[in-house]
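Trainee: Could you go through this model with me and show me how its labels are earned?
Mentor: Gladly, let us take the labels one at a time.

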Amino acid sequence: MDPVNVFLIDANKLFREGMKRLFENTPFKVMGEAGTLREGVPAVEAAGTQPDLVLIDLVNGGEDEADQLRALRDGHPGIRVVILTTDLCTRRLSGALGAGAHGYLMKDIACEALMQSLKLVMMGEKVFPTHLAELLINGRSEELATEVPARRKGLSQREIQILRCLLNGNSNKMIANHLHITEATVKVHLKSLLRKINASNRTQAAIWALNNGIGDQPAEAAGVSAGVV
């Protein structure tokens with residue numbers, strides 16, 4: 001993929017240094033950093049080169065941060081924004097969704113999974129803890145405190161859709177056409193789901209899907225929230 005200019009916003013300087021190390025020898029290049037969103041927005045505005053991706057850890061998820069995030073998105077619609085945080089917080093998730101963030105990820109995510117998720121965001125996908133987003137969208141936010149994104153081994157809605165397509169024997173091209181995404185995106189999702197369920201090929205993935213009830217619902221059920229992966 002093409003180089004991606006990244007701007008980091010996180011109160012923990014040590015964490016920011018760790019992210020810089022993680023991104024070494026990858027397409028993601030850190031071009032700037034700030035401790036808070038309030039400091040980061042002017043820094044992004046003043047940067048000579050606009051970042052392609054902003055990684056943010058929200059301090060409290062309050063209205064002020066949601067407004068700042070919304071202003072950043074309105075002023076720079078081409079920037080992709082991902083929340084990378086420690087807590088599964090209803091307010092932060094709600095604020096991120098409302099302010100137009102493209103992703104909400106946990107800091108305990110595996111390095112490989114983080115890189116895959118960021119690649120998906122840069123390809124136009126949205127990456128959220130699927131089951132948390134579903135509960136929020138359905139007005140069941142009280143369940144967010146106990147719901148965990150590891151259900152079904154953490155498979156996203158898009159990955160479940162692809163598993164259903166595999167059960168139908170669809171090729172990558174057919175899956176891409178059916179889901180209105182590119183074949184490259186299908187391959188990224190397929191690689192991710194194979195890793196999550198410890199399968200080495202499409203046949204094993206289809207068997208796993210059958211054994212875990214993925215084929216028990218109609219295909220449309222996988223698309224509870226369009227664009228949420």
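Mentor: What follows is a talk about salt bridges, burial and a cavity in this predicted model.

Trainee: Why is the contact between R16 and E33 called a salt bridge?
Mentor: The label asks for a side-chain nitrogen of Lys or Arg within 4 Å of a carboxyl oxygen of Asp or Glu. The closest N and O atoms of R16 and E33 are 2.5 Å apart, so the pair meets the rule.

Trainee: What makes this pair a tie between separate parts of the chain?
Mentor: R16 lies in helix α1 and E33 in strand β2, so the salt bridge ties together parts that are 17 residues apart in sequence.

Trainee: How do you know whether R16 and E33 are buried or exposed?
Mentor: Buried means under 20% relative accessible area, and exposed means over 50%. R16 has 10%, so R16 is buried. E33 has 27%, which falls in between, so E33 counts as partly exposed.

Trainee: What does E33 form with K20?
Mentor: K20 and E33 form a salt bridge too, with the closest N and O atoms 2.2 Å apart. This pair links helix α1 with strand β2, 13 residues apart. K20 is partly exposed, because its 24% lies between the 20% and 50% cut-offs.

Trainee: Which residues are joined in a network of salt bridges?
Mentor: R16, E17, K20 and E33 are linked in that way. By the salt-bridge rule, the count comes to nine.

Trainee: Why are R70 and D67 said to be about one helical turn apart?
Mentor: Both are in helix α3, and they are three residues apart, so about one helical turn separates them. Their side chains meet in a salt bridge at 3.0 Å, N to O. R70, at 31%, and D67, at 41%, are each partly exposed.

Trainee: Now the cavities. How many of 30 Å³ or more does a search of the whole structure find?
Mentor: The search finds two. The largest has a volume of about 60 Å³.

Trainee: What makes R16 a lining residue of the largest cavity?
Mentor: A lining residue has an atom within 4 Å of a cavity point. R16 is on the list for the largest cavity, and other residues there include F15, M19 and L84. Helix α1 supplies three residues, the largest share of this lining.

Trainee: How many residues of each class does that lining have?
Mentor: Seven are nonpolar, none is polar and three are charged. R16 is in the lining, and Arg counts as charged, so R16 belongs to the charged class.

Key:
Residues numbered from 1 in each chain as written. Predicted model: local features only at pLDDT ≥ 70, side-chain atom pairs only at ≥ 80, totals over all residues. Heavy atoms only, no water. Helix = DSSP H or I, 4+ residues; strand = E, 2+ residues; numbered from the N terminus. Buried < 20%, exposed > 50% of the residue type's maximum accessible area, 1.4 Å probe, protein only. 1 Å grid on protein atoms, 1.4 Å probe; cavity = no way out; pocket = protein on both sides within 12 Å on 5 of 7 lines; lining within 4 Å. Points joined across faces, edges and corners; volume = space filled by probe spheres on them.
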